[in-house]
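Visitor: Please take one part of this structure and go through it closely. I would like the terms defined as you go.

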Amino acid sequence: MTTTTTAAPAAAPPTRKFKLTWQILLLGLLALLFLLSVARVVTGANDITSGGAIGAALMAAVPIGLAGLGGLWSERAGVVNIGLEGIMILGTWFGAWGAIVTGNAWVGVLAGLVGGVLGAALHAVATVTFGVDHVVSGVALNILGLGVTKYLSTLVFAEMSGGGDTQSPRIPAMQTVSIPGIGGPLQDLESQRWFFISDLAGVLRGLTQNVSLFTLLGVLLVPLTFWLLWRTAFGLRLRSVGERPVAAESLGVNVYFYKYVAVLASGAFAGLGGAFLAIVAAGTYREGQTGGRGFIGLATVIFGNWRPGGLAAGAGLFGYTDALQLRQGGTSVHALLLVVALLLVAVAIWQFVKQQRSRAALLTGIAAIAVLVVFAVTDTIPEQFTSFTPHLTTLLVLSLASQRLRMPAADGLPYRRGQAK
């Protein structure tokens with residue numbers, strides 16, 4: 001009697017998870033610069049890679065990124081902070097006031113931080129302690145920020161020389177730094193208009209010359225946030241509060257404490273973003289100067305999938321498009337259409353080949369053709385549409401990345417102490 005044995009099927013090899021390394025990131029940035037170089041040569045829109053445009057983009061990205069960091073800290077602990085706009089408004093006023101009364105811009109930075117923390121403390125008390133709906137509390141904070149700063153401006157700035165009910169006197173300037181010895185050579189290379197080389201020189205000049213110290217601080221806060229939240233025990237506990245607060249409490253984590261810390265840190269970051277607008281970007285406080293950047297910062301949190309690196313990329317994207325529409329306007333935005341079309345073609349090919357998503361690839365390809373048609377039949381973009389470019393770009397990228405987004409599991413959910421029992 002013979003028996004036959006059937007060999008067990010071999011286990012499928014584990015799928016390798018894509019890991020973003022600094023080498024891949026560098027290659028991606030160089031590829032994007034290559035596309036911008038192509039667009040510059042084809043369209044003649046030389047400003048899209050100029051040092052001035054890159055410097056302006058960096059300045060526009062920092063306050064949005066700081067507001068985004070505020071939203072990231074808060075939402076990682078499970079508290080939605082719709083009130084980032086109101087907190088930024090408080091940061092603009094307190095930042096300007098602190099710098100003016102002391103004559104020191106850095107005191108203004110600290111005052112803006114304190115103003116943001118005060119606003120966030122109200123949000124923390126309402127949402128964490130009393131269980132008020134997060135969105136309702138955030139909307140109330142936005143209204144409160146507008147009203148309080150209006151009253152304070154009438155009370156303080158209107159009595160100062162050069163001030164008024166809606167603006168402050170001039171603010172002492174913030175120091176700027178440059179890497180010595182390379183500004184002139186980079187500018188000479190940029191002026192040659194060589195393909196890619198001149199574009200790279202323009203980018204480097206914008207990032208290394210006449211950069212304010214506040215800008216450097218804002219950039220450094222991104223890797224600092226990553227280290228604190230993803231490389232320390234403190235960060236693990238804070239993120240556990242936003243994912244599974246009941247489980248965290250059962251392991252001895254003080255959920256209320258970490259929620260308070262996260263929301264107060266959120267206010268500190270957003271307050272810094274407001275102070276940046278008043279001290280560095282404008283050199284004065286003006287009513288309404290946040291311009292919705294708190295809401296845009298919240299959008300960058302979603303754009304970046306609740307991670308600091310993606311958040312920084314979103315802030316950079318919005319800052320770049322915002323800088324272009326303020327400089328050459330329709331000409332520069334028209335050149336970006338070619339870049340967007342080429343990127344959509346690349347995304348469509350990747351979706352079809354790597355993800356086997358033929359329907360998504362088809363829709364992306366149709367969008368690429370539509371953008372190319374608009375680029376081919378026009379020479380410039382009307383001025384009334386250029387101001388919408390940053391918002392449209394952000395919405396486009398969000399729609400392409402929406403299927404890969406995962407918010408913290410307990411984000412926005414009410415929590416009361418003792419639920420674990």
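Guide: What follows starts at one helix and moves outward to the core and a pocket.

This is a predicted model, in which local features need pLDDT of at least 70 and side-chain atom pairs count only at pLDDT 80 or more, while totals for chains, interfaces and linings use all residues. Residues are numbered from 1 along each chain as its sequence is written, and side-chain values use heavy atoms, with hydrogens and water left out.

The part chosen is helix α3, residues 84–102. Helices here are DSSP runs of H or I with at least four residues, numbered from the N terminus. At 1.5 Å a residue, the 19 residues of α3 should span 27 Å, and its end C-alpha atoms are 27 Å apart, which agrees; the expected span is 1.5 Å times one less than the number of residues. Of the 19 residues of α3, 15 are buried, where buried means under 20% relative accessible area with a 1.4 Å probe, protein chains only. Just after α3, Gly103 takes a positive phi of about 75 degrees.

Thr290 lies in the loop between α11 (255–282) and α12 (293–303). Thr290 counts as buried because its relative accessibility is 4%. Leaving aside neighbours within four places in sequence, Thr290 is in contact with Glu85, Met88, Ile89, Thr92 and Leu277; contact means heavy atoms within 4.5 Å.

The helix also belongs to a wider setting. The largest nonpolar core has 57 residues, and Leu69, Phe214 and Ile279 have the most contacts inside it. Such a core is a set of buried Ala, Val, Leu, Ile, Met, Phe, Trp, Tyr and Cys residues joined through side-chain atoms within 4.5 Å. Elements giving two or more residues to this core include α2 (51–76), α3, α4 (105–129) and α11. The most comes from α11, with 15 residues. Ile279, again leaving aside neighbours within four places in sequence, is in contact with Gly95, Ala105, Gly108, Val109, Ile171, Pro172 and Met174. A second, separate core of 25 residues includes Ala53, Val203, Tyr320 and Val333.

Elsewhere, helix α5 holds Ser137. At 8% relative accessibility, Ser137 counts as buried. Apart from neighbours within four places in sequence, the contacts of Ser137 are His123, Ala126, Thr127 and Val132.

Technical notes: Buried means under 20% relative accessible area, exposed over 50%, partly exposed in between (1.4 Å probe, protein chains only).
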